[in-house]
Structures are given as C-alpha cells and as structure tokens.
Amino acid sequence: MDMTKAFTSAAGTHFTDARICFDRFHVMKLCGDALDQVRKQVAAEHGGLPRGAMWVLRANEANFKEKQKQLRQQICKEHGELARALSIRGFFADLWNCREEADANLHRAAVIS
C-alpha cells in the first residue's frame, strides 16, 4: 500500500487485523533519499566527492562500465558511511526478490550474521 499518512491511518482504523505491506517504489525511494542525504553530508565534511560520485551512488551497478565500478569502490573504501548506506539500500532491493516470508527471514539472517 502507499505510505501516506491517510492510507496508513485508514488501514489501521478499518482493517485492524490486516498485515500491511508497503510498495517497492516508495520504500526504495526512501532508501535512495537517505543515501543521498549521507552523500551530501560526506561531501560537505570532506570538501566534496570525486566527479561522477552522485551518479555512481544512485545508479544500478549492473549497468556500470569498469571505470564507474572502480569509482564506486574507491568512494566506498574511503567513506565507510557511504558504503554502509549503499549496503542498506542493496539489502532492501534484494529483499523484494523474496517470494515467501521464510525466504525474507533467511535473507535478513544472512545479512545480519
């Protein structure tokens, strides 16, 4: 369901026994926004990031050229906060591939351990 306050409030009022599941778009948008906040904070603290950093942090690594992969690796090596934020976003992106709750629990357990 949509993450707006109106939807969550109405669902809580009218569907008290329902299990709520938020949609992928809105969850991943929140993850992307959080990553962007971390990127801006790191850039401010360190006097900027290398050219192209914003795009290699936002984009899907599966579509990268070798130079872009190397830039992302360099940024993550130098800035642990960004590596962690990317990791969290990746966790949520991977979680959407789980078809069953048991699979999602295994995914979570594998990442946490």
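Let's start with one residue: leaving out residues up to four places away in sequence, Arg72 touches Val56, Leu57, Ala59, Glu61, Phe64, Leu86 and Arg89, where a contact means heavy atoms within 4.5 Å. This is a predicted model, in which local features need pLDDT of at least 70 and side-chain atom pairs count only at pLDDT 80 or more, while totals for chains, interfaces and linings use all residues. Residues are numbered from 1 along each chain as its sequence is written, and side-chain values use heavy atoms, with hydrogens and water left out.

**Overall fold**

- The protein chain has six helices and zero strands; helices (H or I, at least four residues) and strands (E, at least two) are DSSP runs, numbered from the N terminus.
- The radius of gyration, taken over C-alpha atoms, is 17 Å, well over the 13 Å that the globule rule gives for 113 residues, so the protein chain is more spread out than a compact globule. That rule is 2.2 Å times the number of residues to the power 0.38.
- Along its principal axes, the C-alpha trace spans about 50 × 30 × 25 Å.
- Of the contacts between residues at least 6 apart in sequence, 44% join residues at least 24 apart.

**Surface and charge**

- About 8,400 Å² of the protein chain is exposed, and carbon and sulfur atoms supply 55% of this area; accessible areas come from the Shrake-Rupley method with a 1.4 Å probe, and for residues only the protein chains shown count as cover.
- There are 17 positive and 14 negative side chains, and the centres of the two sets lie 7 Å apart. Lys and Arg count as positive and Asp and Glu as negative, while His and the chain ends are not counted. Each charge is placed at NZ of Lys, CZ of Arg, CG of Asp or CD of Glu.

**The nonpolar core**

- The largest nonpolar core has twelve residues, including Leu35, Phe64, Ile75 and Cys76. Such a core is a set of buried Ala, Val, Leu, Ile, Met, Phe, Trp, Tyr and Cys residues joined through side-chain atoms within 4.5 Å.
- Helix 2 (24-45), helix 3 (53-58), helix 4 (66-78) and helix 5 (80-95) each supply at least two residues of this core.
- Cys76 is in contact with Ala83 and Leu86, leaving aside its neighbours within four places in sequence.

**Buried or exposed?**

- Buried residues (under 20% relative accessible area, with exposed over 50% and partly exposed in between; 1.4 Å probe, protein chains only) make up 22% of the 113 residues.
- Arg72 sits in helix 4 and is buried, with a relative accessible area of 9%.
- Cys21 lies in the loop between helix 1 (5-14) and helix 2, and is exposed at 53% relative accessible area. Its C-alpha atom is separated by 36 Å from that of Gln74, 53 residues apart along the chain.
- Met54, in helix 3, is partly exposed, with a relative accessible area of 25%.
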